[in-house]
Amino acid sequence: SDHALAYPCSPDAVDWSVHYPAFAASGIRSPAFADVGCGFGGLLIALAPLFPDTLMLGLEIRVQVSQYVQDRIAALRATSASQPPASEPSAGGSAPGPYQNVSVVRANAMKFLPNYFPKHSLAALFFLFPDPHFKARKHKARIISPTLLAEYAYVLQPGGVVYTITDVNDLHEWMKAHLQAFPLFESVSEDVLRSEGKGNILDAVWNSTEEGKKVQRNKGDKWLACFRRIEAHREA
Ligand code: SAM
């Protein structure tokens, strides 16, 4: 249970410089990518070097698993710091060292997302191989539901993208149906996202997570569905 967890009362109360100390000097900001139920962190680790200026946060409810990700990031930062840079920094300055842009919190994302992320702050929100909660009476425990979609729309910036992938077809249909029905989201195809230069994100979504690799090893199917947070004409 998450009763013992401490949560920031609002995004203003989060000290992001603790998560991204190397960015503190250049003006700290809240993360732009969020991986909900990040598990062992495979997506974050894959994306971090591809977007060195983009701050990314994983949210994971399991204590040991979030601790594992935290240790993994610390080790990657330490290893990278002890290695000479691959190239000389350019005149305009370069991003802080590798993996400085990625962090994790232990949090129940179904309850506290708006406590971490300001309104319209996220460019990407990932739900990769979420727990399926097969039984109908447990569907309210699913990470995609009408109530939660309002929160996801709130934290995403217009134009931001929700990425979902699962090996459970029933859950795929469920997530698609709910996102489709929600007025602030519209379906966006993989081809369109690739044409916008998001191919490396999609490759990581398909292949980089621990759960995705397990499905691959077992030769299971994967279903992807992506949605864009649209600009509302009349929004309060
Ligand atoms: N996304 C990872 C991957 O693809 O390898 C992990 C997938 S795993 C099946 C689902 C993860 O979501 C688990 O690590 C679980 O602890 C986490 N989780 C479930 N409910 C959560 C919640 N409400 N908030 C944060 N994490 C949650």
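**Ligand shell and the largest pocket**

A nitrogen atom of the ligand lies 2.8 Å from a polar backbone atom of L128, where a polar contact is a pair of N or O atoms within 3.5 Å. The ligand is covered by the protein over 89% of the 600 Å² of accessible area that it has on its own, the areas coming from the Shrake-Rupley method with a 1.4 Å probe. The model is predicted, with local features requiring pLDDT of at least 70 and side-chain atom pairs counted only at pLDDT 80 or more, whereas totals for chains, interfaces and linings use all residues. Residues are numbered from 1 along each chain as its sequence is written, and side-chain values use heavy atoms, with hydrogens and water left out.

Oxygen atoms of the ligand also approach the backbone, with a distance of 2.9 Å to a polar atom of E211 and of 3.4 Å to one of E210. Around the ligand there are 17 residues (a heavy atom within 4 Å), of which E60, R62, N108, L128 and T209 come nearest. This shell comprises 8 nonpolar, 4 polar and 5 charged residues, Gly being counted as polar. At least two shell residues each are supplied by β2 (56-60), α4 (109-116) and α9 (210-217), these elements being DSSP runs (helices H or I, at least four residues; strands E, at least two).

The ligand sits in the largest pocket, in the sense that more than half of its atoms lie within 2 Å of the grid points. A pocket is an open set of points on a 1 Å grid over the protein atoms alone, with protein on both sides within 12 Å along at least five of seven lines, and its lining residues have an atom within 4 Å of a point. The largest pocket is lined by 28 residues, among them G37, E60, I61, P130 and D131, which lie nearest its centre.

Conventions: A polar contact is a pair of N or O atoms within 3.5 Å; within protein, one must be able to donate a hydrogen and the other to accept it, and residues adjacent in sequence count only if both atoms are side-chain atoms. On a 1 Å grid over the protein atoms alone, a cavity is a set of points where a 1.4 Å probe fits but cannot get out, and a pocket is an open set with protein on both sides within 12 Å along at least five of seven lines; lining residues have an atom within 4 Å of a point.
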